[in-house]
Amino acid sequence: MDPRAGLEAMPPGGGEGEGEGEHGITVQSHPPATVRLDEDDPPHSTPPLSDVPPVASKKQNLEQEQQPMPNVPEGALVEILSRVPYRSLCRFKCVSKPWLALCSAPDIRKRSPQTLSGFFYYEGQRLCFRNLSGRGPPLDPSLPFLRHSYKNVHVEQFCDSLLLCNCWNSCFSSKRDYVVCNPATQEWIVLPPVVFLGQDQEVSHDCPPSVYLGFEAAVPSRFVVFATPYNRGGLSGEMAIYSSETGQWTYVQTKWASESLLELTRNIRVFLNGTMHLSTRYNYNTMLTVDAEGKVWREIPMPSPKKSVIFCIGQSQGRLYAWQMAYRYGCELYIWVLEDYGTGKWAQKHTVNVLELFGRHCRKDGQYYEMFAFHPDCNVIFLTDEKEMTVSYDMDSQKVSVICTKGMKGMPYTPCFAELQSASH
């Protein structure tokens, strides 16, 4: 199933958290043009009606419902259906009652591959969710299943299907918990306190560490959390890594060569192929990586040798991408892909005229644009002007789709129905 289908054909009634407004997505060719009726059609013309199939009798419907399942071994059938995209699985439920029962089996749903559902984003202090598919039950971004146990819930990190939250009831900082939750299944795990050398538990909450959540749908039962201690001057040389498989933090010494001059940005990170990729705030031409066991440490040069160039990173279809917005000549977006992970070789793949995507000829003073995400399953990117419009752009078909008529910088969310390992709730 084409993962872009939900972007190009979103119905006007799509669900959305927190009572949001615009649900529809308008599809345009590139460069954008106003959507109009076909000029070849005469005024008030009516398209020809297709042949209407005869209505089945009650007896025929009953016979269809009583049809046996396909003559395929049950184990093989489960394996086949567990590899079918979830939306297609929902359609199969309409075939008959036996198919409804089979496709509703929890084991199949847990393993069914998912695609991008929407974006979590903040409006001020309020967490919102923008549903791109327009299908399925609305997702409540207030995370009510956590608020049964905590008065205050603040989302620290997003990673594909999971959220890392800072939760507390008391006004005392030492009573806060880091919680990893799955909004699709409403499962959550409370992490044990992370305490670095020379810190007691209370001080570590007063100066909270920087945390980075890592999760991949290919290994849905496992997640990791990386934490670095609070340090105004950069990295302190120590890192803690939590694994859901062991339920414990492992403390390791960082092995990046120039770490004393670096400060990690919490929002620019990618977890891919079991490795966390972190961008740096002051040394823009370097990306730092560490694997989930804290054994492999690397520094990968970014595509441009200029230290003043700010890069963002993301992943799509199992590959790592970097992009940069340049305002020197209009507004150009440059996109690279890491072709050779071993040598750190980047290749420029796309150059996009951003003003054309938004139907504009020039950039106003003080107006900025930002690409904030890649679609995980196809060559679609998401951009915003931060004020009036957010769009998606299919780089293969060169189609532009308006997501909403306001600026939105969100984090991609792909639902996962697999159970969290050792989930405490």
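These legends describe close-up views of a predicted protein model.

**View 1. The whole protein holds nine helices and 24 strands.**
The protein has 425 residues, and 48% of them count as buried. Its accessible surface comes to about 22100 Å². Carbon and sulfur atoms account for 51% of that surface. Contacts also link distant parts of the sequence. Among contacts between residues at least 6 apart in sequence, 51% join residues at least 24 apart.

**View 2. Strand β4 spans residues 152–159.**
Six of the eight residues in β4 are buried, so the strand is largely enclosed by the rest of the structure. The partner shown here is strand β5, residues 162–168. Seven bridges join β4 and β5. The two strands run antiparallel. Strands of a sheet pair through backbone hydrogen bonds, either parallel or antiparallel.

**View 3. A hairpin links β4 and β5.**
Two residues lie between the two strands. D160 sits in the turn. The phi of D160 is positive, at about 60°. For a landmark along the pairing, find Q157, which stands opposite L164 in β5.

**View 4. Cysteines C165 and C181 are not bonded to each other.**
A disulfide is a covalent bond between the sulfur atoms of two cysteines. For C165, the closest cysteine sulfur is the one in C181. The distance between these sulfurs is 4.1 Å, too far for a bond. A disulfide requires sulfur atoms within 2.5 Å. C165 is buried, with a relative accessibility of 0%. A search of the whole structure finds zero disulfides.

**View 5. C128 is a buried cysteine.**
The relative accessible area of C128 is 0%. Residues under 20% count as buried, so C128 falls within that class.

**View 6. Four strands form an open sheet.**
The order of the strands is β8-β9-β10-β11. Their pairing is antiparallel. At the edges are β8 (210–215) and β11 (248–253). Each edge strand pairs on one side only. From one strand to the next, the twist averages 20°.

**View 7. Strand β10 pairs with edge strand β11.**
Strand β10 covers residues 238–243. Six bridges join β10 to β11, and the two run antiparallel. One residue pair helps to locate this pairing: Y242 has W249, in β11, as its bridge partner.

How values were computed
Residues numbered from 1 in each chain as written. Predicted model: local features only at pLDDT ≥ 70, side-chain atom pairs only at ≥ 80, totals over all residues. Heavy atoms only, no water. Buried < 20%, exposed > 50% of the residue type's maximum accessible area, 1.4 Å probe, protein only. Contact = heavy atoms within 4.5 Å. Areas by Shrake-Rupley, 256 points an atom, 1.4 Å probe, with all protein chains shown as cover. Pairing = 2+ DSSP bridges. Axes fitted to C-alpha atoms, helices over the stretch in contact; angles between N-to-C directions.
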